[in-house]
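Please look through the sequence and the model below before reading on. The paragraphs that follow lead from one part of the chain to the next.

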Amino acid sequence: MPTAPLSDELTATAPVAVRVLCAFAAKTGDLDLRFTPSPSAQEGVAGHGTVTARRGAGYQREVSLATHCDGLRVQGRADGFDPAVPRLEEIKTHRGDAALIPDNHRALHWAQARVYGWMLCEQLGLERIELALVYFNVDTGHETVLPVWHGATELKAFFESLCARYAGWARAEQAHRAARDAALQTLAFPFEAFRPGQRELAAAVYRAQGAGRHLLAQAPTGIGKTVATLFAALRAAPAQGTDKLFYLTARTPGRQLALHALRRLQAKPLRVLELVAREKACEHPDKACHGESCPLAQGFYDRLPAAREAAVQAGWLDKAALREVALRHTLCPYYLGQDLLRWSDVVVGDFNHFFDLGASAWALTVGEELRAGLLVDEAHNLIERARSMYSAELRPAVLHAARQAAPAALKKPMDRLHRQWGTLARTQTQDHELCPELPGPFMDALQRHAAALSDHFAHEPPSAGSALQTWLFEVLQFLRVAEVFDAHSLVELTRTLRPPGRARHPTIHIRNLDPGPLLQPRWQAAHSATLFSATLSPMDYVSALLGLPDDTARVDVPSPFDPAQLQVRFTPHISTRFVDRADSLDPLVHVMATQYTTRPGNYLAFFSSFDYLQQALQRLQRSHPDVPVWAQSRGMGEPERDAFVARFTEDGQGIGFAVLGGAFGEGIDLPGRRLIGAFIATLGLPQVNPVNERLRTRLQTRFGQGYDYAYLFPGVQRVVQAAGRVIRGPNDTGVVVLMDERFGQPAVRRLLPGWWRMERA
């Protein structure tokens with residue numbers, strides 16, 4: 001969205017980038033996402049540099065241009081210009097055969113070249129100019145050059161036709177921005193009064209947004225963090241010229257809470273968009289994303305303007321509303337949402353929409369130089385989620401399935417990679433090895449293999465869900481992650497079995513340990529980011545692993561709950577260490593049964609693993625068969641998880657057994673008598689294994705607290721999250737029993753909430 005000043009009158013001109021103008025006004029025809037292998041952003045930058053470095057003396061690079069038309073100020077940078085010809089070049093990097101670049105992509109590239117061509121003709125007084133599309137293959141270094149001469153009059157007419165299509169929209173957008181900001185300046189808090197702690201949190205967010213600083217905010221469950229942070233960020237937006245606010249969360253319930261809060265705020269004419277994963281939005285999962293296969297892709301760009309207009313008029317675009325608009329105009333809901341990302345004021349979605357390597361919200365923010373605000377809910381989860389985003393693996397079983405299904409043209413490339421994988425396997429001396437560097441010869445072979453896949457699939461795309469498509473996606477993701485590989489990651493080689501006489505190919509895993517360096521550019525792109533959670537302690541640990549700036553502000557909102565609401569006990573006579581688990585079963589079952597008998601009701605019991613859970617469950621059932629129990633199982637689907645939670649009713653009784661750090665340790669809300677207590681039979685420490693030991697070493701080297709950062713802090717965070725299920729409001733009462741003697745250690749007790757009053761069980 002173009003940025004308008006905060007005044008009562010609209011400006012005479014609205015700024016628009018050349019690529020935005022062309023994407024809006026020059027795209028026609030089908031949505032076509034047949035496999036067109038694309039370089040990464042880094043490869044694109046390097047490719048542009050290679051092409052321009054080949055040009056002669058006098059060649060101008062990154063030429064800044066601007067002009068006015070119909071109330072628009074159109075601006076951008078042309079890739080290259082040779083004044084001796086004169087010739088303007090629009091450079092595009094690609095993989096595979098340039099002849100197979102879809103027609104609508106090529107038409108967009110020509111539109112950009114023609115706009116830049118007119119701007120140069122106007123600036124230099126040229127009557128004609130040669131325009132050239134230069135397609136640079138990043139794998140081969142080959143340039144495909146398509147030159148065409150154009151007259152200035154022809155280019156001017158084309159440029160003015162695009163501006164005529166965009167100008168009305170731009171004026172409407174500017175009017176919307178002014179109306180939106182006027183409404184936000186008088187936005188009222190949606191409740192009669194703030195809850196205890198809620199005003200303090202909102203004030204901290206408002207100050208951080210106003211100062212353009214990032215903020216770590218720890219605030220207890222139950223004070224209304226979602227509505228407080230949204231209210232404060234929206235109130236601060238007009239004065240800060242905020243273009244867009246991204247509300248990011250780790251789980252679907254978090255998105256729903258944000259949407260509910262936005263409904264309560266009633267900040268019309270605010271445009272709200274919910275982003276969901278493509279597989280959850282797809283109407284035709286059996287069809288490919290192009291006009292010859294999917295009816296919602298056919299003529300997509302021809303019907304997009306009407307759908308876009310209907311969507312912005314609606315304003316509220318959660319998943320259901322967006323789907324209704326899309327299907328009314330026979331469009332794909334997911335890709336309509338991607339277009340509306342640019343035109344929305346508040347975007348609610350998962351972490352990956354901003355932090356993933358291919359994140360669309362991140363690309364828009366950087367590409368359009370937006371002033372974006374971030375609200376990161378459940379921020380304690382971002383450390384592990386980021387590690388996952390910046391990790392990848394290649395599995396030999398997937399290659400094997402792809403080889404079985406491969407057409408004849410791919411047999412040799414598949415076999416060559418298989419042989420190179422075997423060579424790597426023969427260098428592996430143990431079934432599990434950790435390496436500080438990528439295996440060079442294998443990576444060279446994988447790059448060549450990817451190029452062969454690109455060439456083949458550009459002609460014959462793999463079918464949806466096929467073994468070949470699964471393998472292709474695995475290769476491309478591995479190469480994307482490999483491109484940013486550095487000391488923050490390691491390579492893990494794992495083989496499960498070595499048959500006699502031959503080596504088994506290992507799974508090759510790039511595992512990120514320290515996501516901070518890769519997250520830093522994301523924080524730099526945001527005008528202000530507020531990360532909030534009930535468990536962000538210690539804040540030095542969270543800030544370090546997330547790579548936050550040194551000047552990040554901090555606030556720790558005191559709990560509004562009375563310590564008398566929660567009885568916290570620990571058991572000095574029980575150790576749940578691995579070597580002590582067999583001996584721990586009888587005493588911990590006794591503690592659970594005694595508490596249940598004393599105060600019947602609903603309880604959650606958390607364990608470190610499914611094996612330990614089952615041992616305790618069976619011991620309790622044998623010794624106290626009258627106590628109702630139900631248990632989490634491995635690989636529970638969404639219906640099974642819902643059924644587990646549904647057992648916790650107001651008048652129910654029993655103990656639900658779950659694994660700490662799993663689906664039931666956070667993100668579920670069981671107020672009142674739906675949950676009156678929790679048993680936590682673990683300190684939550686991650687398993688000691690070679691990967692975590694390498695993580696400990698890395699974090700010791702970087703931060704001087706390897707054990708705490710790798711084991712203790714994340715473990716206790718899980719414990720506090722699980723215990724937080726018990727007290728959800730001012731009228732709740734309950735008990736938490738910490739069943740491990742280590743909870744009595746000063747180093748552990750310092751990490752527990754300050755309002756807890758612990759006593760011995």
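A hairpin is a convenient place to begin: strands E5 and E6 have 5 residues between them, and in this hairpin Gly141 takes a positive phi near 80°. The two strands, of which E6 covers residues 143-151, run antiparallel and are joined by 9 bridges, and across this pairing Val134 stands opposite Val145 in E6. Because this is a predicted model, it helps to ask how confident the predictor was before going further. The mean pLDDT of the chain is 92, and 97% of its residues reach 70 or more. Over residues 1-10, however, the pLDDT is below 50, although this stretch has 25 contacts in the model beyond near neighbours in sequence. Where pLDDT is low, the predicted coordinates should not be read in detail.

Strand E5 also has a partner in strand E4 (residues 87-94), with which E5 pairs in the parallel sense over 8 bridges; here the bridge partner of Arg87 is Glu130 in E5. Helix H3 (residues 103-124) belongs to this arrangement as well, since E4, H3 and E5 make a right-handed β-α-β unit. Is strand E5, which spans residues 128-137, mostly covered or mostly uncovered? The strand is mostly covered, for 9 of its 10 residues are buried.

Further along the chain, 8 strands form an open sheet with parallel pairing, in the order E10-E9-E11-E8-E12-E17-E7-E18. Its edge strands, each of which pairs on one side only, are E10 (316-317) and E18 (553-556). Within this order, E7 (residues 215-218) and E17 (residues 528-533) pair in the parallel sense over 4 bridges, and Gln218 stands opposite Ser533 in E17.

In soluble globular proteins, nonpolar side chains tend to be buried together. In this model the largest nonpolar core has 155 residues, and those with the most contacts inside it are Tyr166, Phe355, Leu374, Trp523, Leu531 and Leu738. If residues up to four places away in sequence are not counted, Trp523 touches a set of residues that includes His214, Phe355, Leu374, Leu531 and Pro549. Apart from the largest core lies another, of 38 residues, among them Ala204, Leu259, Val346 and Leu375.

A second open sheet can be followed in the same manner: 4 strands in the order E13-E16-E15-E14 form it, and here the pairing is antiparallel. The edge strands, each pairing on one side only, are E13 (392-394) and E14 (432-435), and the twist averages 20° from one strand to the next. Strand E15 (residues 489-494) is joined to strand E16 (residues 507-512) by 6 bridges, and the bridge partner of Leu490 in E16 is Arg511. Helix H24 (residues 690-703) packs on this sheet, where H24 touches E14, E15 and E16, and its direction makes about 25° with that of E14.

The last stop is Gly734, which is found in strand E24 (residues 734-738). Why does Gly734 count as buried? Gly734 is counted in this way because its relative accessibility is 7%, whereas the term buried applies under 20%. Leaving aside neighbours within four places in sequence, Gly734 is in contact with Gln565, Leu566, Gln567, Arg599, Ile676, Val726 and Ile727. A look back to the hairpin closes the path: the C-alpha atoms of Gly734 and Val145 are separated by 72 Å, and the two residues lie 589 residues apart along the chain.

Note on methods
Residues are numbered from 1 along each chain as its sequence is written. Side-chain values use heavy atoms; hydrogens and water are left out. Buried means under 20% relative accessible area, exposed over 50%, partly exposed in between (1.4 Å probe, protein chains only). Two strands pair if DSSP finds at least two bridges between them. A crossover is right-handed if, with the strands pointing away from the viewer, the path from the first strand over the helix to the second runs clockwise. pLDDT is the predictor's confidence in each residue, from 0 to 100. Contact means heavy atoms within 4.5 Å. A nonpolar core is a set of buried Ala, Val, Leu, Ile, Met, Phe, Trp, Tyr and Cys residues joined through side-chain atoms within 4.5 Å. Axes are lines fitted to C-alpha atoms, for helices over the stretch in contact, and angles run from 0 to 180 degrees between N-to-C directions.
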